[in-house]
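Student: I should like to understand how the terms used for a protein model are justified. May we go through them one at a time?

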Amino acid sequence: MSYRPVAASAQWARMLSRARRPIATTTISSQRLQPTASVTRHVRCQYRTIGTTTANRATLDETSWAAPPAEEKRGPQTLTEKIIQDHAVGLPPGKTVRSGSFVSVKPWRLLTHDNTAAVMGKVLKWPDFKGLKDPKQMVFAIDHDVQNKSETNLKKYKMIEAFAEQNDVAFYPAGHGISHQVMIEELFVWPGKLCVGSDSHSTSYSALGAGGFSVVRTDAAGIWATGQTWFQVPPVAKVNFTGVLPPGVAGKDVIVALCGLFQSDVLNHAVEFSGSEETMASIPIDDRISISNMCTEWGALTGLFPVDKTLERWLRYKATEAAMCPERNTIERITHEKIDELYANPPRADPNAQYAKQLYINLSTVSPYVSGPNSVKISTPLNELAPKKIKVDKAYIVSCTNSRASDLAAAAKVFKDAAKANGGKIPKIADGVKLYIAAASAREQEAAEDAGDWQALLEAGSIELPAACGPCIGMGAGLLEPGEVGISASNRNFKGRMGSRDALAYLSSPEVVAASALSGFISGTDAYTVPEDYKGVEHGYGTGAPETTESQLGNVLEQLESLIDRVESSAGGDESSQGGTQILSGFPEKISGEIVFCDMDNLDTDNIYAGKYTYQDDLTKETMAQVCMENYDPEFRHVAKPNDILVSGYNFGCGSSREQAATALLAKQIPLVVSGSFGSIFSRNSINNGLLGLEVPRLVERLRAVFTDKVTTRRTGWTLTWDVARSVVQVQEGEGGEQWEEKVGEFPANLQEIIAKGGLEKWIMDEMAKE
């Protein structure tokens with residue numbers, strides 16, 4: 001097998017060659033009911049005045065809200081492939097988009113948040129920038145650092161607002177809500193459309209059947225200038241849901257379970273969820289948002305839910321709300337007529353679409369789950385963790401994952417139920433515990449207030465935070481101190497993410513967070529009862545349909561598919577490629593350096609570049625170099641030297657979309673990163689900023705075999721040389737040690753050009769100058 005450069009690592013041709021079996025259906029009953037109080041509140045339109053500019057009335061003049069009919073006959077496609085095809089620009093006639101295809105796409109929407117200022121800083125210095133290509137494509141929503149009241153930050157926010165006003169861009173100021181919630185509740189997301197955001201949790205939009213993908217700041221700048229960006233269609237995994245969620249089990253439990261049960265199976269895949277109408281009806285839209293939101297933690301690039309009757313009911317409610325509340329301007333984006341058009345030809349995968357793999361999970365067997373400590377890949381059923389009596393110092397019901405009105409209602413119910421045994425009085429949070437609450441948006445908070453849920457949580461002693469990001473990204477009040485234990489309804493518990501790198505962080509549903517805050521230990525509620533014959537979560541490879549000889553064989557193949565990349569890594573190079581790689585002017589023919597080994601899988605962007613630095617736009621390169629990798633190892637700054645080659649484990653660079661994860665390594669003068677595999681968003685940031693990367697699993701396994709004692713950052717004494725012209729990696733295992741080489745894939749000319757010019761930003765500037 002060839003080990004490809006990050007940018008050219010399309011490993012999916014053999015996966016797509018195998019036809020898949022149809023999914024079986026299961027008759028089930030519905031589960032958890034949504035709170036009704038918020039519905040009443042929304043219909044009454046009793047909103048607080050939320051400051052906006054007139055710019056937030058920008059709309060798109062679109063011709064169709066349904067899935068566009070194919071202009072020519074296409075072969076069977078997944079929903080992901082269809083969405084990308086429908087937004088592709090300049091495709092040759094008759095071209096059918098498949099996994100692995102490189103295309104230019106024009107997104108339906110592009111979100112930027114606080115990082116709008118950084119994108120402005122890029123485009124406004126381009127000599128040939130003539131303004132936004134399509135202002136109606138953009139949405140600006142301030143949310144990340146709203147607790148920072150410094151003059152510098154407030155000035156930045158005013159600058160963003162003024163830019164939005166000048167360019168007629170939809171703008172939502174600090175306090176309106178978390179950007180992803182704003183995109184959804186203001187209906188900037190639409191089923192079947194490509195909706196991207198310069199934030200890793202833009203996967204949230206796929207809960208509505210949209211193509212919710214993450215881009216990075218430089219991509220956003222390119223879209224501002226040209227309306228387009230580059231895209232490689234990922235392999236697509238189909239996740240089959242069967243059964244129904246039991247009472248007391250939420251969507252958060254489903255995604256936390258999936259992260260632990262299928263740890264690497266969907267890495268850099270798009271995921272499409274499927275199930276019978278009854279199964280999917282048991283997952284309300286809010287729970288779907290939680291699941292899609294955390295697909296990025298799972299390793300997936302998006303998590304598409306079907307455009308089904310459950311979604312239609314939600315859209316109908318939103319259309320009625322929009323008609324009754326014209327001052328909100330959502331009526332410009334949703335009407336019952338637009339929904340009629342959508343469902344006359346709803347976007348969906350073709351019945352015989354081919355998937356890279358299929359997984360299944362029986363929702364009826366899912367129980368409350370807890371993730372951690374300090375890793376989303378460690379997931380444990382609550383009934384196994386609760387007996388350990390893990391003391392909690394801080395608890396959080398915050399973030400774009402789980403702080404909508406339904407989540408706050410579920411948390412408040414814990415205290416309201418406890419009040420029945422307390423003379424009707426809401427009990428207080430356990431001594432020594434602090435519970436922080438922040439709604440996903442001001443509208444969601446008002447809905448919770450109208451239902452009495454917000455007040456119940458405050459009466460219990462909760463600490464109120466703004467409707468914005470905060471502790472979940474390590475910013476503002478309530479961060480974890482050294483030695484503390486926290487449990488959060490947010491999406492990431494990476495080491496140091498929510499405060500001190502010496503703290504322990506767990507993730508769970510809002511119900512479990514509330515119960516833990518009340519008891520003082522990680523614990524649950526009486527809403528879920530463990531069955532006497534409980535044998536764990538029923539899951540596996542395939543459709544989950546009753547087994548036949550054929551399906552058993554297929555399931556074995558699915559398991560082999562998930563492991564085959566590592567197996568093939570020991571098979572040596574691909575001898576079929578005998579010609580040399582053409583090297584463009586300005587691109588190095590060889591890269592060589594000593595290997596510094598950071599032996600960790602899932603080394604995330606918070607470890608590479610801490611969140612507390614992400615929105616400090618004035619940091620020098622020297623400072624970035626000093627803080628590079630400090631959450632992973634504070635000694636990295638002293639151990640790593642200029643021109644070293646950094647080698648790490650699998651899924652390097654997972655997590656946030658922050659481009660500084662790449663630029664900080666460049667500031668440290670690291671020219672090349674090698675790993676077993678990369679998180680896709682880090683790969684994209686690397687290419688866009690001129691950092692090279694290679695996937696060479698054999699080298700990772702060899703280093704682990706030789707260096708068995710654990711050292712966080714190790715100078716190995718080994719050297720690696722990447723002969724780009726010959727597409728070969730040569731490794732010298734120390735002075736007098738073994739020497740070997742491995743064939744790698746050719747680095748394509750179009751990406752060489754981007755790297756040679758110093759990154760995508762400079763490439764765009766050069767192209768604009770040519771025009």
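Tutor: Let us begin with methionine 629, which lies in the loop between helix H21 (621-627) and helix H22 (636-639). The model is a predicted one.

Student: Why is methionine 629 called buried?

Tutor: A residue is buried if its relative accessible area is under 20%. Methionine 629 has 0% relative accessibility, and therefore counts as buried. Its phi is also positive, about 70°, although methionine 629 is not a glycine.

Student: What makes serine 399 count as buried or exposed?

Tutor: The cut-off for buried is under 20%, whereas exposed requires over 50%. Serine 399 stands at 1% relative accessibility, so it counts as buried. Serine 399 is placed in the loop between S15 and H14, and its phi, near 95°, is positive in a residue other than glycine.

Student: How do you know that strand S15 (residues 394-397) and strand S16 (residues 434-437) pair?

Tutor: Pairing requires at least two bridges between the strands. S15 and S16 are joined by four bridges, so the requirement is met. These two strands run parallel, and lysine 394 stands opposite lysine 434 in S16. Together with helix H14 (residues 405-419), S15 and S16 make a right-handed β-α-β unit.

Student: What joins S16 to strand S17 (residues 463-464)?

Tutor: Two bridges join them, and the strands run parallel. Because at least two bridges are needed, S16 and S17 count as paired. Tyrosine 436 stands opposite isoleucine 463 in S17.

Student: Why are strand S1 (88-89) and strand S8 (229-232) called edge strands?

Tutor: Three strands form an open sheet in the order S1-S2-S8, with antiparallel pairing. S1 and S8 each pair on one side only, and they are the edge strands. Four bridges join strand S2 (residues 102-105) to S8, and valine 103 stands opposite phenylalanine 231 in S8.

Student: How many cavities of 30 Å³ or more are there?

Tutor: The count comes to five. The largest holds about 260 Å³ of space. It is lined by 26 residues, of which His144, Asp199, Ile473, Arg497 and Tyr615 are the closest to its centre.

Student: What kinds of residue make up the lining of the largest cavity?

Tutor: The lining divides into seven nonpolar, 13 polar and six charged residues. Asp and Arg count as charged, so Asp199 and Arg497 belong to the charged part of that lining.

Student: Which peptide bond is cis?

Tutor: The bond from glycine 372 to proline 373 is cis, with omega near 10°. Proline 373 is found in the loop between strand S13 (369-371) and strand S14 (379-381).

Terms used: Residues are numbered from 1 along each chain as its sequence is written. This is a predicted model: local features need pLDDT of at least 70, side-chain atom pairs count only at pLDDT 80 or more; totals for chains, interfaces and linings use all residues. Side-chain values use heavy atoms; hydrogens and water are left out. A crossover is right-handed if, with the strands pointing away from the viewer, the path from the first strand over the helix to the second runs clockwise. On a 1 Å grid over the protein atoms alone, a cavity is a set of points where a 1.4 Å probe fits but cannot get out, and a pocket is an open set with protein on both sides within 12 Å along at least five of seven lines; lining residues have an atom within 4 Å of a point. Grid points are joined across faces, edges and corners, and a volume is the space filled by probe spheres set on the points. Buried means under 20% relative accessible area, exposed over 50%, partly exposed in between (1.4 Å probe, protein chains only).
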